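Student: I am new to this structure and would be grateful for a close look at a single helix. Please also place the strands for me afterwards.

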Amino acid sequence: MNLSLADTATVLGKSERQIRYLIRQERLPARKVGGRWVIDSADLPLTERQRAEIAQRTETARQAFEQGIAPATKATRDERKSYSVTDLDAFGIGLRTLRKMQSTHTPEDHTHSLVLTALEDLARGCHAFDPDAKSRHFSQARDAAARLLVHLLVPATASECSRELVQEIESQWIPKISGLIAAQEKRARRTGLGRLRRATREARV
């Protein structure tokens, strides 16, 4: 599996600058693809257990990403007319996260407000008509979820429950939101290409 500099730094617990240094010293095999360094995960100094954990996290994130592109349920033609934000897996996971936090974290630590901010942006993105607005709200939802990680991990009193929430947010919630962003960007490219083709045909008439 190919890893970026950032991915490699995260796995090894180092900075990207340290990873570049290891590459320059030829202590870490790497190659450039499209002008960017790529490291084969097989070349990392990891134990078999660490490799298995990375593979599991990658597969979980991939499945969450792919499922996040589509609504949680396959609606019929009539049901699509009443499309709801609750059809999105990302929104459902966010609600579940909020329910868990309400029993383990006080509102004063700002964690509740960050989850609510993400949920609000998911709702606004779901019902926005403008493609740019959709992408912006989904991106803001992902940013709020990422900021939530900091509020859960930084306190010296971070509990086991907080760490479990972090794992769920990183392996499920953020990939689901990223799936929505990717789907929207794909639609935007397809729409832009369609407009370009129509303009080209009209110019030829």
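Tutor: Let us begin with helix H5, residues 89-104, where helices (H or I, at least four residues) and strands (E, at least two) are DSSP runs numbered from the N terminus. Its 16 residues should span 22 Å at 1.5 Å a residue, and the 23 Å between its end C-alpha atoms agrees with this; the expected span is 1.5 Å times one less than the number of residues. The buried residues of H5 are Ala90, Phe91, Ile93, Gly94, Thr97, Leu98 and Met101. Seen down the axis of H5, these residues fall within an arc of 160 degrees, so they line one face of the helix. The arc is taken from the directions from the helix axis to the C-beta atoms. Buried means under 20% relative accessible area, exposed over 50%, and partly exposed in between (1.4 Å probe, protein chains only). An α-helix has 3.6 residues a turn, so residues three or four places apart point the same way.

This is a predicted model, in which local features need pLDDT of at least 70 and side-chain atom pairs count only at pLDDT 80 or more, while totals for chains, interfaces and linings use all residues. Residues are numbered from 1 along each chain as its sequence is written, and side-chain values use heavy atoms, with hydrogens and water left out.

Now the strands. S1 (residues 2-3) runs antiparallel to S3 and is joined to it by 2 bridges; two strands pair if DSSP finds at least two bridges between them. S2 (residues 31-33) is also antiparallel to S3, with 3 bridges.
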